[in-house]
Amino acid sequence: MIERKRGHILAVSSLSAKVSTYYMVAYTTTKSGNAGFMQSLHEDLCLKNQDEFIKLTTVYPAYVSTQKDLQDLIGTACDIPFYDPDYIAELIVSGMLINRREFIVPPASGIFQFFK
């Protein structure tokens, strides 16, 4: 990417990195680390003036219906919506195409941040 002077790195974190939930200590820890890595990488790219041609995006998806066992565990404890993976993927690609650095998908899930 540096030699070609172009590129885009996507990191899929989780809404859990912004709003922790029960029974998810290891998951939340790894997703928070993922987000921290991307923040540090951005700083490094800025110091080397490479942030103009290497773009970074960190996305924080809400609950995506990819793991039935997790969905059952969380769903029995509270009424949380799970989203279709294709829908979430479309939102992620749309955000990348306009070079968004960080965003929550779907956008309405950002409201969970206020209930910490």
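**View 1. Strands β1 and β2 pair in the parallel sense, joined by 6 bridges.** The model shown is predicted. One of the residue pairs along this edge is formed by Val12 and Val59, with Val59 as the bridge partner in β2. Strand β2 covers residues 54–61, and β1 covers residues 7–12. Of the 8 residues of β2, 7 are buried, and the strand is described as mostly covered.

**View 2. The open sheet has 3 strands in the order β1-β2-β3, with parallel pairing.** The edges are taken by β1 (7–12) and β3 (102–105); each has a single partner strand, so one side of each has no neighbour in the sheet. From one strand to the next, the twist averages 25°. Strands β2 and β3 run parallel and are joined by 4 bridges. Within this pairing, Val59 stands opposite Phe103 in β3.

**View 3. Helix α1 packs on the sheet.** The helix spans residues 25–47 and touches β1, β2 and β3. Its direction makes about 160° with that of β2. A second helix to look for is α3, residues 85–97, which lies across β1, β2 and β3. Helix α3 runs at about 160° to β3.

**View 4. The whole chain contains 3 helices and 3 strands.** Read from the N terminus, the elements follow the order β-α-β-α-α-β. The protein has 116 residues, and 33% of them are buried. Among contacts between residues at least 6 apart in sequence, 60% join residues at least 24 apart. The accessible surface of the protein is about 7,500 Å². Carbon and sulfur atoms account for 57% of that surface.

**View 5. Val59 is a residue of strand β2.** With a relative accessibility of 0%, Val59 counts as buried, because buried residues are those under 20%. Residues up to four places away in sequence are left out of the following contact list. Val59 touches Leu10, Ala11, Val12, Ser13 and Ser14, and also Ile92, Phe103 and Val105. Two of these contacts, Val12 and Phe103, recall the pairings shown in Views 1 and 2. The C-alpha atoms of Val59 and Ile92 are 7.0 Å apart, although the two residues are 33 places apart in sequence.

**View 6. His42 is placed in helix α1.** His42 has a relative accessible area of 16% and is buried. Apart from neighbours within four places in sequence, His42 is in contact with Asp51, Leu56 and Arg101. The helix that carries His42 is the one that packs on the sheet in View 3.

**View 7. Glu52 lies in the loop between α1 and β2.** The relative accessible area of Glu52 is 62%, so the residue counts as exposed, the cut-off being over 50%. Glu52 and Arg6 are 46 residues apart along the chain. Their C-alpha atoms are separated by 8.6 Å.

**View 8. Lys5 and Asn99 each have a positive phi without being glycine.** For Lys5 the angle is about 55°. Lys5 is placed in the segment before β1, and is exposed, with a relative accessible area of 55%. For Asn99 the angle is near 60°. Asn99 is found in the loop between α3 and β3. Its relative accessibility is 39%, and Asn99 counts as partly exposed.

**View 9. The charged end of Lys18 sits over the ring of Tyr60.** The distance from this charged end to the centre of the ring is 4.4 Å. Tyr60 falls within the residue range 54–61 of strand β2. As for pairs between aromatic rings, the count comes to 0.

Conventions. Residues are numbered from 1 along each chain as its sequence is written. This is a predicted model: local features need pLDDT of at least 70, side-chain atom pairs count only at pLDDT 80 or more; totals for chains, interfaces and linings use all residues. Side-chain values use heavy atoms; hydrogens and water are left out. Rings of Phe, Tyr and Trp (its six-membered ring) pair if their centres lie within 6.5 Å; planes under 30 degrees apart count as stacked, over 60 as edge-to-face and the rest as tilted. A charge sits over a ring if NZ of Lys or CZ of Arg is within 6 Å of the ring centre and within 35 degrees of the ring normal. Two strands pair if DSSP finds at least two bridges between them. Axes are lines fitted to C-alpha atoms, for helices over the stretch in contact, and angles run from 0 to 180 degrees between N-to-C directions. Contact means heavy atoms within 4.5 Å. Buried means under 20% relative accessible area, exposed over 50%, partly exposed in between (1.4 Å probe, protein chains only). Accessible areas come from the Shrake-Rupley method with a 1.4 Å probe; for residues, only the protein chains shown count as cover.
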